[in-house]
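Below is a set of questions and answers about one structure, meant to be read with the sequence and the coordinates at hand.

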Amino acid sequence: VYGYPKSEGLALAEVNMLSRFDEKHPENKHPLYEINGKIMNATDQTLEVPILRITLVDKEGEALQYWDFSEHGRTLEAGKNIPFSTGPLDIKFSQPSRFILDLGSALELSLRRKPE
């Protein structure tokens, strides 16, 4: 399950989560997760591509682990989109509940309250 807050002029689209077992390490009993989709610019202006943060939370909503993906310095033209893919996420917990996708600058992400 995933969720994301509304970002000013930016949206996530075609978000998919893949889950599979690691064929190279069959002793690992936990699945590998990968999330992909698109970041869309829904404005009539060119915007800087924000950081995409993926947060793993437990069933109480407590953040367990997060990953930041940055296209530092890249811009996104009006009405355009760029694809993203996390690649296999190295999860250190056996009981994840959901993933939260969040867009923002480093400052915005640091000021946001914990995922709900």
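Accessible areas here come from the Shrake-Rupley method with a 1.4 Å probe. The model is a predicted one.

Q: What share of the area exposed by the protein chain do carbon and sulfur atoms supply?
A: The protein chain exposes about 7,700 Å². Of its 116 residues, 38% count as buried. Carbon and sulfur atoms supply a share of the exposed area that comes to 51%.

Q: In what order do the helix and strands of the protein chain run from the N terminus on?
A: The protein chain has 1 helix and 8 strands. Read from the N terminus on, its elements run β-β-β-β-β-β-β-β-α.

Q: Why is strand 2 described as largely enclosed by the rest of the structure?
A: Strand 2 covers residues 32-41, and a residue counts as buried when its relative accessible area is under 20%. Strand 2 is largely enclosed because the buried residues among its 10 number 8.

Q: Which residue of strand 2 is the bridge partner of M17?
A: Strand 1, residues 10-20, runs antiparallel to strand 2, and 9 bridges join them. Strand 2 also pairs with strand 7, residues 81-85, in the antiparallel sense over 5 bridges, and there N36 stands opposite S85. For M17, the bridge partner in strand 2 is I35.

Q: Which strands stand at the edges of the open sheet with the order 5-4-8?
A: This open sheet is formed by 3 strands with antiparallel pairing, and its neighbouring strands are turned by 20° against each other on average, direction ignored. An edge strand has a single partner strand, so one side of it is left without a neighbour in the sheet. That description applies to residues 63-69 and residues 98-104, that is, to strand 5 and strand 8.

Q: Which residue of strand 8 does L52 stand opposite?
A: Strand 4, residues 51-57, and strand 8 run antiparallel and are joined by 7 bridges. Within strand 8, the residue opposite L52 is L103.

Q: Which residues touch the most other members of the largest nonpolar core?
A: In soluble globular proteins, nonpolar side chains tend to be buried together. The largest nonpolar core in this model holds 20 residues, and strand 1, strand 2, strand 4, strand 7 and strand 8 each supply at least two residues of it. Those that touch the most other members are L12, I35, I39, I54, F84, F99 and L101.

Q: Leaving aside neighbours within four places in sequence, which residues is I39 in contact with?
A: In the protein chain, among contacts with a separation of 6 or more, residues 24 or more positions apart account for 67%. With its neighbours within four places left aside, I39 is in contact with L10, A11, L12, L76, K80, N81, I82, F84 and L103.

Q: How far apart in sequence are the parts that the salt bridge of D68 and R53 ties together?
A: The closest N and O atoms of D68 and R53 are 2.6 Å apart. D68 lies in strand 5 and R53 in strand 4, so the pair ties together parts whose separation in sequence is 15 residues.

Q: Is R53 buried or exposed?
A: The relative accessible area of R53 is 16%, whereas its salt-bridge partner D68 is partly exposed at 38%. Because the cut-off for burial is under 20%, R53 counts as buried.

Q: Is E14 buried or exposed?
A: The side chains of E14 and K38 meet in a salt bridge, 3.5 Å from N to O, and the pair links strand 1 with strand 2, 24 residues apart. K38 is partly exposed, with a relative accessible area of 25%. E14, at 55% relative accessibility, counts as exposed.

Conventions
Residues numbered from 1 in each chain as written. Predicted model: local features only at pLDDT ≥ 70, side-chain atom pairs only at ≥ 80, totals over all residues. Heavy atoms only, no water. Buried < 20%, exposed > 50% of the residue type's maximum accessible area, 1.4 Å probe, protein only. Helix = DSSP H or I, 4+ residues; strand = E, 2+ residues; numbered from the N terminus. Pairing = 2+ DSSP bridges. Axes fitted to C-alpha atoms, helices over the stretch in contact; angles between N-to-C directions. Core = buried A, V, L, I, M, F, W, Y, C linked by side-chain atoms within 4.5 Å. Contact = heavy atoms within 4.5 Å. Salt bridge = Lys/Arg side-chain N within 4 Å of Asp/Glu carboxyl O.
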